[in-house]
Amino acid sequence: MTNLINVAKGVEKADLVIKNANIVNVLSEEVHKGDIAIKDGIIAGVGEGYEGEKEIDVNGAYVSPSFIDGHVHLESSMMLPKEFAKIVLPAGTTTAIIDPHEISNVLGLHGISFMHEAVKDLPMDVYTMLPSCVPATPFETSGFDLNSYDLSLLIDKPWVLGIAEMMNFPGVLNMDKNVMAKLELAKSMGKCIDGHAPYLKGKDLCAYISSGVQSDHECTNPEEAIEKLRLGMYIMIREGTAAKDLDALIPVLKHCNTRKCIFVTDDRHPADLKEHINGMVRRAVEAGVDPVKAVQIASLNTAEYFGLKHLGAIAPGYKADMLILPDLKTFKPDVVIKGGKVVAENGKLVAPLNESEELSMRNSVNVRWITPEDFKVIHDTNGVVKVRALEVIPNQLITKSVISEVNVVDGNAVSNLENDTLKICVIERHRATGNIGKGFVKGFNLKCGAIASTVAHDSHNMIVIGTNDADMYTAAVALIKCKGGKVIVKDGEVLSKLELPIAGLISDREFDYVVQKCDELNKTAASIGCTLEDPFMTMGFLSLPVIPELKITDKGLFDTGKFNFVDVFTQVYENTVR
């Protein structure tokens, strides 16, 4: 501290001085000129006349606080944290708040510990919010059930900031004992509680907030966001790969008090990571948001919400996490500084990544022995029958429940390629229960073969879609052999595959390899007739029974309107799709 004070007074040289900067000051909401003196990774002084052992003259370039991703499921990138850091650090994101919800559904507390160990030596800060809903629902089989006692083992750790998105808002409103215990745990430790409450409003919203929930990342329109802002919530504006809300919420950023707005990515695939939070800042400014406020949303607001008092601004006592920007338009940093050290320049990581020991991880694909017979959908009559089918809506997570027709051959209902009604199975892969949910899906338009994946929100059981049982079986076996991943099969041959051996969610390969394989999978899917841009992303949400209208889990076909399981076969003739 003595050295820091002496540097601030100007009687001792700083380690580093950024000279002649246009400082983006998110505290006073202005841009002003000055030098920035740094000692031991901390900003000692902002002003004029500072001298340093090393000096960088930026000649009037802009210097802003670096960016913070306030809510991200890092597993969705399908990469290890070190590969994630390689990509987002050069884009200006030096801190991330992760919710290891996905890997926890597979591996429980071991999954949380794995992620923490994997981020320890990175040249960026990574904090954790403990998953609140593992499993997300009782209508599927997950790998673990994390209760308040489990979470209490970690809640006091300095790297844990609180309880992650409380998706079970009905449980909050009904004062479910398990839900209440988790909320009280966070409140007793003075830690944050993130929310997840799409379309909740009025008195129910007030009740949800009064429980201690402080934020929400599910706002999709200005009216919803404004109501939640008025009631004191922080609004996490999300721009993921599947769910994109930034454009819809721009009016809020232009016309409301933005001090309780935060930028988050939630779920992003690897190809969408090269432009990260900086891309959200850029697009907000292009839409007319004040540049200083846009930077404030991406830095100070997030730090204040999570109680990270040392992050998010350029002022004495703050951590020296900064970006040198050529302008306030593109937001592509020339230099990224983390803890007073240059970690990236001109879009490339320059900080070393420590090669830590390989972390242990057990095989998470535990499936009861399967045979081709397991893929049969049995019916007692041959000929044309009517079935309930999930119909996907391109670029949306919701599905329709429609009635379609398939043929029964030798007592087995088979895919109908003529009307694009394909068989879908969800195979429980955590506890070898033998559960297999079976049904039909429309919208993939496969003409041959099968596709399969162990990335299937939220419990991440194995999901298989195919034109015939034999290829579906081959695809499932291929996933078991590679310990999870994504695969495409045709005529008994694996055409394309991305292995995800870590929890069936994460690759142990480098960024470029994962991107290339994802692109290859999409192109291969198109070659067998698929008309969806990213069929694996669409497929990954077909097993999530909290999103309307019809979903499928390892326990069967689930109607979210009836909030119950329904039979695949039906005698209902309305809305029949031929």
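**Exercise 1. The sheet containing phenylalanine 558**

Task: In this predicted model, determine which residue stands opposite phenylalanine 558 in E29, and describe the sheet around this pair.

Solution.
Step 1. Locate the partner. Phenylalanine 558 faces phenylalanine 565 of E29.
Step 2. Examine the strand pairing. Strand E28 (residues 556–559) and E29 run antiparallel and are joined by three bridges.
Step 3. Extend the view to the sheet. Its three strands follow the order E27-E28-E29, form an open sheet and pair in the antiparallel sense. Strand E27 (550–553) and strand E29 (564–566) are the edge strands, each pairing on one side only. From one strand to the next, the twist averages 45°.

**Exercise 2. Both faces of strand E14**

Task: Establish which way the residues of strand E14 (residues 322–325) point, and whether they are buried or exposed. Then identify the strands joined to E14.

Solution.
Step 1. Sort the side chains by direction. Met322 and Ile324 point one way, while Leu323 and Leu325 point the other way.
Step 2. Assess burial. All of these residues are buried.
Step 3. Find the pairing with E5. Strand E5 (residues 62–65) runs antiparallel to E14, and four bridges join them. Tyrosine 62 has leucine 325 of E14 as its bridge partner.
Step 4. Find the pairing with E15. Three bridges connect E14 with strand E15 (residues 335–338), again in the antiparallel sense. Here isoleucine 324 stands opposite valine 335.

**Exercise 3. The nonpolar cores**

Task: State which residues touch the most other members of the largest nonpolar core, and which helix gives the largest share of this core.

Solution.
Step 1. Recall the general expectation. Nonpolar side chains in soluble globular proteins tend to be buried together.
Step 2. List the residues with the most contacts. The largest nonpolar core has 153 residues, of which Ile18, Leu253, Phe263, Val281, Met322, Phe444 and Ile465 touch the most other members.
Step 3. Name the helix. Helix H15 (residues 511–527) supplies six residues, the largest share of this core.
Step 4. Note the separate core. A second core, of 19 residues, includes Phe375, Cys425, Ala450 and Ala478.
Step 5. Inspect one member of the largest core. Neighbours within four places in sequence being left aside, leucine 253 is in contact with Ile237, Leu246, Thr258, Cys261, Phe263, Ala284, Val289 and Ile297.

**Exercise 4. The covering of helix H2**

Task: Determine how many of the eight residues of helix H2 (residues 81–88) are buried, and what covers them.

Solution.
Step 1. Count the buried positions. Six of the eight residues are buried, and the helix is mostly covered.
Step 2. Identify them. They are Pro81, Glu83, Phe84, Ala85, Ile87 and Val88.
Step 3. Name the covering elements. Among them are strand E7 (93–98), helix H4 (109–119) and H15.
Step 4. Place E7 in its sheet. Five strands in the order E6-E7-E8-E9-E10 form an open sheet with parallel pairing. The edges are strand E6 (67–72) and strand E10 (192–195), each of which pairs on one side only. The twist from one strand to the next averages 30°.
Step 5. Examine one pairing. E7 and strand E8 (residues 125–130) run parallel, joined by four bridges. Isoleucine 98 has threonine 128 in E8 as its bridge partner.

**Exercise 5. Cysteines without disulfides**

Task: State how many disulfides are found in the whole structure, and explain why cysteine 133 forms no bond with the closest cysteine sulfur.

Solution.
Step 1. Take the total. The search finds zero disulfides.
Step 2. Apply the cut-off. A disulfide requires sulfur atoms within 2.5 Å. The cysteine sulfur closest to that of cysteine 133 belongs to cysteine 192 and is 17 Å away, so the two are too far apart for a bond.
Step 3. Consider the setting of cysteine 133. Its relative accessible area is 5%, so cysteine 133 is buried.
Step 4. Check another cysteine. Cysteine 448 is likewise in no disulfide, the nearest cysteine sulfur being that of cysteine 530, 11 Å away.

**Exercise 6. The setting of serine 404**

Task: Decide whether serine 404 is buried or exposed, and find the polar contact of its side chain.

Solution.
Step 1. Place the residue. Serine 404 belongs to strand E19 (residues 399–409).
Step 2. Judge accessibility. Serine 404 is buried because its relative accessibility is 0%.
Step 3. Identify the contact. Its side chain makes a polar contact with the side chain of threonine 421, at 2.7 Å.

Notes:
Residues numbered from 1 in each chain as written. Predicted model: local features only at pLDDT ≥ 70, side-chain atom pairs only at ≥ 80, totals over all residues. Heavy atoms only, no water. Pairing = 2+ DSSP bridges. Helix = DSSP H or I, 4+ residues; strand = E, 2+ residues; numbered from the N terminus. Axes fitted to C-alpha atoms, helices over the stretch in contact; angles between N-to-C directions. Buried < 20%, exposed > 50% of the residue type's maximum accessible area, 1.4 Å probe, protein only. Polar contact = N/O pair within 3.5 Å; in protein donor to acceptor, adjacent residues only side chain to side chain. Core = buried A, V, L, I, M, F, W, Y, C linked by side-chain atoms within 4.5 Å. Contact = heavy atoms within 4.5 Å.
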